[in-house]
Amino acid sequence: MLAVVLPLTVQVAAPMAAAAPASVTLVGSLQSELGCAEDWDPACAATAMTDPDADGRYTMTTVVPAGSWEFKVALDGGWAVSYGADGVQDGANIPLRLAVDSELTLSWDAESHRVAVSSPSLAGDYDPASDAALVADPVRQGTDETFYFVLTDRFANGDPSNDAGGLVGGPEVTGLDPTNKGYYHGGDIAGIIEHLDYIQSLGTTAIWLTPSFTNRPVQGTGENASAGYHGYWTTDFTSIDPHLGGNESLAALRDALHARGMKLYLDIITNHTADLIDYAEGQYSYVDTATAPYTDAAGNVVDISAAAGSPDFPTLDPATSFPYTPVRTGEVTPDVLNDVSLYHNRGDSTWTGESVTMGDFVGLDDLMTEDPRVVAAFEDIYTSWMDFGVDGFRIDTVKHVNMEFWQSWTATVDEHAAATNPDFFTFGEVYDADARKLSPYVRTTGMDATLDFAFQSAAVGFAKGYSAQGLSGMFATDDYYTTPTTSAAGLPTFLGNHDMGRVGYLLAGGTGGQETLRRDQLAHSLMFLTRGQPVVYYGDEQGFAGAGDGSDKNARQDMFATQVAEYADQPLVDGATAGATDRYDTSSPLYQHISRLAALRAAHPALSTGSQVELYAEDGAGVYTFARVDRDEKIEHLVALNNADEERTVTLTTLTPGATYSSLYGDHAPVTADAQGSVTLTVPALGAVVLVADRTVAAGSPTVTLTNAEGAALSGATAEVAATTTPHRWAETTFSYRELGTQEWTTLGTAEDTSPRVFADVTGLPTGTVIELRAVTTDAAGNRVADSALAVVGANLSGTAPATDPAAGVTVPGSHNTAMGCPGDWQPDCAAAALSLDPATGLYSGSFDLPAGTYEYKVAIGGSWEVNYGADGVADGPNISYTTSGGTVTFFYDPVSHRVWHEIGSTPPTATPTTEPSATASAEPSVTASPSADPSATATATGEPSVTAGSTSGSGTGPTTGADPAASDGATVTVQVGVSAPPAPSGSSTRAGGLARTGPPAVPLLLAAGSLVAGRITAIRRRS
């Protein structure tokens, strides 16, 4: 990697004004079509550009014929001086493509040397005859559920006769040991049926079960043994595990739920099976395709990624096609999946690069989902479960399966749903807290939604007391989900789960008390009052929190009287001890709090499916306020939450001038907005209020202006298209585009707030294509306005340089980013974490007010992980750790030495750190408890750190993996995520275990930020 040195401020003399060129000529492949004798002729007068008003801007207006062209601008009739793309002298040719003959005005600026394009052919003001057809309703996916997520084995034991799953023997055979948190405890589907009144009274409309298919009951031996109580070690995809009651019990639950008007969701798996394939070589480290490519049965090298989904997918030979020789040790149902050539057989994933989709999930056999036979098998399996009568799927480990699989599989599921259950809903687990990484699975496949890890990260941060700006930034990324068929409105939102841990633990590290209870209630208030479909993790309503590291088995407590001593001794959120007792108390504080919120949400459609318009976000801990408006009712519901530990009063502008707002929740006194819509709200400490207006939102005189510069470039799958509308007015804005001069429009999506924005996928358009953008805005009274702008695919023909991103300079990404006001942690492109250059010292610095906690960070250059520095200025180096009791922390970066350091408290910039920065590696560093920016990169490969974004008290303990050759004492600092295992014998690579989700840690894992996939990676199966 090349080191990047950011320049210091240097005083230079102003250049002398350049003499005007004798001539300016557009030259290129289109000149012969425009009257020149030949193309690329800098002396042709027919394409000369003129500057009649002598302002240094040379223009020509002409009809450019349809076709693909390239051009530049040449001065003085020759090639001695010419300018190409982005105003670069002797630069690349500028592409231009038109679908039909079009009149264009091309201009060249003598100062910037950039070319601009405009056209009189753009549509004008709103025209009902042509624009009404462009207006589209906002998308609502799903049927607005409130989910209750149940780990079946731990909820209730309704039928003790199935506790051993029909097996005979001890725990090592049956998997049953109610005293061991890694084994079956006896919970079953019958127990859920017995407690449906309890679940429904909480406000639940849909139950989501952890994976329920028949599992391998026990894997591993000795201290590494554990049971499949969690459901992720499937051996039979066609039957429900006997430990849970079998298919008959699931049918009974289905019928009982449907009789109540409730729904049943299954957690499903397509990525892997139980560990039933061994490798003859006895080694299990990942072998990449560059080292050992796949070969077909004839010995020819094949690229399975390129062939993914193809009917001509190569035939592979188990004996010769793989880097390891697969040997089946157990059977899978359906039988087609017993063919070992349908698995990747490359060893354990390293969670980076190709291994993300091709590596074994810590021993779980990774299916070759590129093979159409695997796709067909899972289409058959899960359409059969749809026919069984389930109402939706939560899909496990989505990002560990190739995208072609999802595109084919979801298309089949959608087609089947259309014929059998149009309301069938699917959502995937993509373990990352960045909407830019989550949304492609919704935008480019038929998946209805992804689990909203971005919300989880920001919501827990807000409930901890972090800046309200973090919520603002996170909700702003909802725009990535907006397409003609998708939106963020249906994303299942959650606060914690069976992998990362419960919200009660994430808030306070397992120490309970009244403040933790109030912050837990605040987090649930946020989840129920904002967009999305809330998910309550079983037991959270009883105040379960967890202990130890809080994750995995430490977040899977028994609702019935536990026999696990550790569970009985754990504190609840309010500080009480859990005890060995049944926990179905409908009078518990959190049960009551959640049920009231669910009832409020159910009674007011605006709070469930209405648009969400941000009104106020405090810079720091304090108030976050937004409006929820149902598009049919058009009544503003004003929601305000306060994460500060004292009452806060704020003044803000609503959407309904003159309205009187009365309290729906939180006992706020009525308030009346003035003629501009201004109101003053007082929000209690760690509380929430909801008020409703007495009239419809304001309307009249709508406006809309596209903010894309005329001729600006649009590139890639997420090219930003944005507009401004009348401030403080509810409106809906539909965006579309067409190739210039054509009649067919492509809808991009409908935005529902006062800063409308969508992201266009223009990857299917050739570079240089000139397109017309169109925005049509509809206000509450049905009044409409429209605006158009010109854009060019992949080429900036706006005549100006793109705006500089504040985060494209120097930032300090780390586990403190959410506390700084970023949408999530470890985000190198977050402007809230930017440092500024101090010309006096030559240092970049920035001061931030941060809550108490232990954090880690690095410095990133240019808004990405491509160039970053860690401890001692080492490129891609280890994370730097610090602990603060709360208050100002100042960060410094020296662009010459690349050293980065921090000072606790208000300290003026210093040229050198007062303490030697270094990476710290704890004896047992925890794996990340919430995802981060780039799940497919490791610190050793790209320098992106491993993190714990959801740790306690704002702390993060996820150091990078690698060595620090510049440690001041000459020692090497090695940092890894996981627990050390004894070294393998020379020349071998043994696995101490095989499976995720449970069991004692036994294998060191090198995890990048957010690569933790779906839970604590722990090894529990010994291979011999």
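Helix 14 (residues 514–529) has 16 residues, which at 1.5 Å a residue should span 22 Å, and its end C-alpha atoms are 22 Å apart, in agreement. The expected span is 1.5 Å times one less than the number of residues; helices (H or I, at least four residues) and strands (E, at least two) are DSSP runs numbered from the N terminus. Of the 16 residues in helix 14, 13 are buried, meaning under 20% relative accessible area with a 1.4 Å probe and protein chains only.

This is a predicted model, in which local features need pLDDT of at least 70 and side-chain atom pairs count only at pLDDT 80 or more, while totals for chains, interfaces and linings use all residues. Residues are numbered from 1 along each chain as its sequence is written, and side-chain values use heavy atoms, without hydrogens and water.

Aspartate 267 lies in strand 15 (residues 263–268) and counts as buried because its relative accessibility is 1%. Its side chain makes the polar contacts below (pairs of N or O atoms within 3.5 Å, one able to donate a hydrogen and the other to accept it; residues adjacent in sequence count only if both atoms are side-chain atoms).

| Side chain | Partner side chain | Distance |
|---|---|---|
| Aspartate 267 | Tyrosine 232 | 3.5 Å |
| Aspartate 267 | Arginine 394 | 2.8 Å |

Beyond four places in sequence, aspartate 267 also has contacts (heavy atoms within 4.5 Å) that include Phe149, Trp208 and Asp396.

The largest nonpolar core (buried Ala, Val, Leu, Ile, Met, Phe, Trp, Tyr and Cys residues joined through side-chain atoms within 4.5 Å) has 138 residues, and Phe393 and Trp409 are among those with the most contacts inside it. A second, separate core has 28 residues, including Tyr58 and Leu797.

Conventions: Buried < 20%, exposed > 50% of the residue type's maximum accessible area, 1.4 Å probe, protein only.
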